[in-house]
Amino acid sequence: PHAPLARLSYQQFFRRYLRLAGMTGTAWEVRGELGAVYRLAVVPIAANRPVRRRDMGTRVHATAAAKWRGVVARVASLHQRRRPILIGTRSVAASEHLSVLLTAAGLAHQVLNARQDDDEAAIIARAGEPGRITVATNMAGRGTDIRLAPGIGVLGGLCVIATELHEARRIDRQLRGRCARQGDPGLSRFYVSFEDDLMRNFGAAERMTKMMERFGLEEGQELEHSWLNRSVETAQKRVEHRNYLS
């Protein structure tokens, strides 16, 4: 093999085009970067139909183990109502760990990660069926619409559960957008713990842990508060800014 004669970053490569344009549902958070790097303006376009998705607050746990227990308990509660559930994980290892926990709880499910490339479109397409539980890495099954089976809209539509926040808010929004498309109902809920990489490195986890102790919260108890939601969003913004500068 020959050694490369030169290297060119993706940013510099795309800037060699005379005209650049694109469309995505998650460009708003990075409009500053798109403007600075590619000299592109971001113009929001109204949805084709009114969005009926309910984005619930982030559930915060002190430990990762407590977070996983909270996720499984929530899945079990939704499953009893035959509600379809799509659970997003950040890695293959996390999806396999969750699969073990769901199996131990007696919850039948499908796992979609990099090890089922041939079947991922078929698996994700069926995620809107009654009582179906689908575990997927955040990037799996992209490009495949999840159509709700008859009667699922009455139950509230597809429920999306994220087991960890990504460093980029765009990817979290992509996961949220897997439900409630084209005016369908849907719900999203995110779970984090102070032991997650994002929170340990950028979320002032130690300070928030002390606050939870001051509130007298017991081990495994969930906490949901607007202040915590802002702290989580701030952690993501810090990571995005660091990645942009690097």
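Let me start inside the sheet, at a single pair of residues: in strand E6, Val160 is the residue that stands opposite Leu86. I should say at once that what we are looking at is a predicted model, and I would ask you to keep that in mind through everything that follows.

Leu86 belongs to strand E3, which covers residues 85–89, and this strand is mostly covered, since 5 of its 5 residues are buried. If we take the two sides of E3 in turn, we find Ile85, Ile87 and Thr89 on one side, with Leu86 and Gly88 on the other, and every one of these is buried, so that both faces of the strand are covered. The strand E6 that we began with spans residues 158–162, and it runs parallel to E3, the two being joined by 4 bridges. E3 is also joined to strand E5, residues 133–137, again in parallel, and here there are 5 bridges. Within that pairing, the residue of E5 that Gly88 stands opposite is Ala136.

From E6 we can walk on to strand E7, because 5 bridges join these two strands, which run parallel. If you would like one residue pair to find on the screen, look for Leu158, which stands opposite Gly186 in E7. How many of the residues of strand E7 are buried? The strand runs from residue 185 to residue 193, and 9 of its 9 residues are buried, which is to say that E7 is mostly covered. Its two faces are both covered, with Pro185, Leu187, Arg189, Tyr191 and Ser193 buried on one side, and Gly186, Ser188, Phe190 and Val192 buried on the other.

E7 has further partners. Strand E1, residues 52–55, runs parallel to E7 and is joined to it by 4 bridges, and in this pairing Asp55 has Ser188 as its bridge partner. Strand E2, residues 59–61, also pairs with E7 in the parallel sense, over 3 bridges, and there the partner of His61 is Ser193.

Let me turn now to the helices, beginning with H4, which covers residues 92–104 and holds Ser95. Is Ser95 buried or exposed? Its relative accessibility is 0%, and Ser95 therefore counts as buried. Leaving aside residues up to four places away in sequence, Ser95 touches Thr89, Val111, Asn113, Val135 and Thr137.

Helix H7, residues 169–176, has as its buried residues Arg169, Ile171, Asp172, Leu175 and Arg176. Why can we say that these buried residues line one face of H7? When we look down the axis of the helix, they fall within an arc of 160 degrees, and so they line one face.

The third helix I would like to show is H1, where the interest lies in the aromatic rings. The model has 3 aromatic pairs. One of them is formed by Tyr10 and Phe14, whose rings are 6.5 Å apart from centre to centre, with 20 degrees between the planes, and this pair is stacked. The two residues are 4 apart in helix H1, within residues 10–14, and are thus separated by about one helical turn. As a general point, an α-helix has 3.6 residues a turn, so residues three or four places apart point the same way. As for accessibility, Tyr10 is exposed, at a relative accessible area of 65%, whereas Phe14 is partly exposed at 33%. Phe14 also pairs with Phe13, and because their planes stand at 65 degrees, with the ring centres 5.5 Å apart, this pair is edge-to-face. Phe13, for its part, is partly exposed, at 37% relative accessibility. Tyr10, Phe13, Phe14 and Tyr17 together form one aromatic cluster.

Elsewhere there is a ring with a charge over it: Lys67 lies over the face of Trp68, at 4.9 Å from the ring centre.

Let me finish with the protein as a whole. It has 10 helices and 7 strands, and of its 246 residues, 40% are buried. Among the contacts with a separation of 6 or more, 73% are between residues 24 or more positions apart. Finally, the accessible surface comes to about 14,500 Å², with 51% of it belonging to carbon and sulfur atoms.

Note on methods: Residues numbered from 1 in each chain as written. Predicted model: local features only at pLDDT ≥ 70, side-chain atom pairs only at ≥ 80, totals over all residues. Heavy atoms only, no water. Phe/Tyr/Trp six-rings, centres within 6.5 Å; stacked < 30°, edge-to-face > 60°. Buried < 20%, exposed > 50% of the residue type's maximum accessible area, 1.4 Å probe, protein only. Lys NZ or Arg CZ within 6 Å of the ring centre and 35° of its normal. Contact = heavy atoms within 4.5 Å. Areas by Shrake-Rupley, 256 points an atom, 1.4 Å probe, with all protein chains shown as cover. Arc of directions from axis to C-beta.
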